Amino acid sequence: MHEMSLALDVCGITERAIGTRSPSLVREVVLDIGDNAGVDPDNFEFCLTALLQSPPFGAAKPVLRRHAGSVLRVAHIEVEECP
Amino acid sequence: MPISIIDVRERVMSKNDKIADTIRLRLGRTKTPAFNLISSPGAGKTLLLERTLEALNTEMEIAVVTGDCQTQNDADRLARHTGRLVQAVITNGGCHLDASQIDKALDAIDLEYTDLLLIENVGNLVCPAGWDLGEDSKIVLFSVTEGEDKPLKYPNAFRNASYVIFTKLDLLPHVDFDMNLALNNARAVNRQLRFFFTSAKSGQGMRDWFEFLNLRVNGALVPAT
């Protein structure tokens, strides 16, 4: 439940980041996640994978980069620009 | 097709944090201190609040927001001890309160006539630790019927808190709880923690808690964050 709330927040951040670039295909959402972030990485990845299947993300892949500390942020997203 | 990288570097929960900042501004305008009580289920949050309302509701205007997965039982219990509206937030299975729920709950509370806001979070030592509700401080309740290693098992809760209230001290003679070990474990996680030792049932140590709230409400105590 907690991880799902966070995953929803990630989707919101990603949508805002895409902004007016739409329509474009999100390929990857890259996250930095600390060992003390209070998040179970496997559960978080599961939730993200499920949510990122839907439009406007187009089956984007979550990439979790593990770190020390409590960081929890969306680092960058990779998009395929539509012609 | 061309691939591009969009640099984001945005903290997850930043939306929650922004709402928490607006709550802090709302509370700051009326100089209303707010405490976010978190604990395992059954540690005694509701009883502590019942005794607090009984003892202090003639001295100060206390507003309470309670969070539970289901039922408004806690809010109903607390409402018997105050003439004020007790706001019940039912999370429908959600494991914590978030800032938007508190922001909405505050819409029904007249902060101009509120000296103190107490938030009883959902019983859970994991998720509530990570969510800023715009409070001055988080307070962890730690009952003597739990293991002394709770701070080591749930470090984020104790790391993000400013105070720990030990509860159910009346049961201490009947349980194998090593208070010194519990204190050492808590300090190992967060050296800044300050402690209260209470039994809401017998009244032991409650005066210190009430005195703390009085000092904070009267502005004689700087908030610990």
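Analyst: Let's start with a term: two strands pair if DSSP finds at least two bridges between them. Helices (H or I, at least four residues) and strands (E, at least two) are DSSP runs, numbered from the N terminus. What you're looking at is a predicted model, where local features need pLDDT of at least 70, side-chain atom pairs count only at pLDDT 80 or more, and totals for chains, interfaces and linings use all residues. Residues are numbered from 1 along each chain as its sequence is written, while chains get letters from A and ligands get numbers from 1 in the order they are written.

User: What ipTM does the predictor give the complex?

Analyst: Start with pLDDT, the predictor's confidence in each residue, from 0 to 100. Chain B averages 93, and 99% of its residues score at least 70. For the complex, the predictor gives a pTM of 0.88 and an ipTM of 0.91.

User: In what order do the elements of chain A run from the N terminus on?

Analyst: Chain A has two helices and three strands to place. From the N terminus on, they run α-β-α-β-β.

User: Why is chain A as compact as a globular protein of its length?

Analyst: The radius of gyration is taken over C-alpha atoms, and the globule rule is 2.2 Å times the number of residues to the power 0.38. For 83 residues that rule gives 12 Å, so chain A is as compact as a globular protein of that length, with a close radius of gyration of 12 Å.

User: And what radius of gyration does chain B have?

Analyst: Chain B holds eight helices and eight strands, and its C-alpha trace spans about 70 × 40 × 35 Å along the principal axes. A compact globule with 225 residues would come out near 17 Å, and chain B agrees with that at 18 Å.

User: Is L213(B) buried or exposed?

Analyst: This leucine is found in helix α8 (residues 206-217) of chain B. A residue is buried if 20 or more other C-beta atoms lie within 10 Å of its own, exposed if 12 or fewer, and partly exposed in between, with C-beta atoms placed from the backbone. L213(B) has 22 such neighbours, so it counts as buried.

User: Which residues is L213(B) in contact with, leaving aside its neighbours within four places in sequence?

Analyst: Two residues are in contact if their C-beta atoms, placed from the backbone, lie within 7 Å. L213(B) and L56(B) are 157 residues apart in sequence, yet 9.2 Å apart in space, C-alpha to C-alpha. With those sequence neighbours left aside, the contacts of L213(B) are L56(B) and L116(B).

User: Which residue stands opposite D68(B)?

Analyst: Strand β3 (residues 62-68) of chain B runs parallel to β4(B), with five bridges joining them. Strand β4 (residues 86-90) of chain B is mostly covered, with four of its five residues buried. Opposite D68(B), in β4(B), stands I90(B).

User: Which strand gives the most to the side of chain B that touches chain A?

Analyst: The contact takes 22 residues from chain A and 23 residues from chain B. With nine residues, the strand that gives the most to chain B's side is β1 (residues 3-11) of chain B.

User: Does strand β3 (residues 72-81) of chain A run parallel or antiparallel to β1(B)?

Analyst: Seven bridges join these two strands. One place to look is R73(A), which stands opposite R11(B) in β1(B). Their direction is antiparallel.
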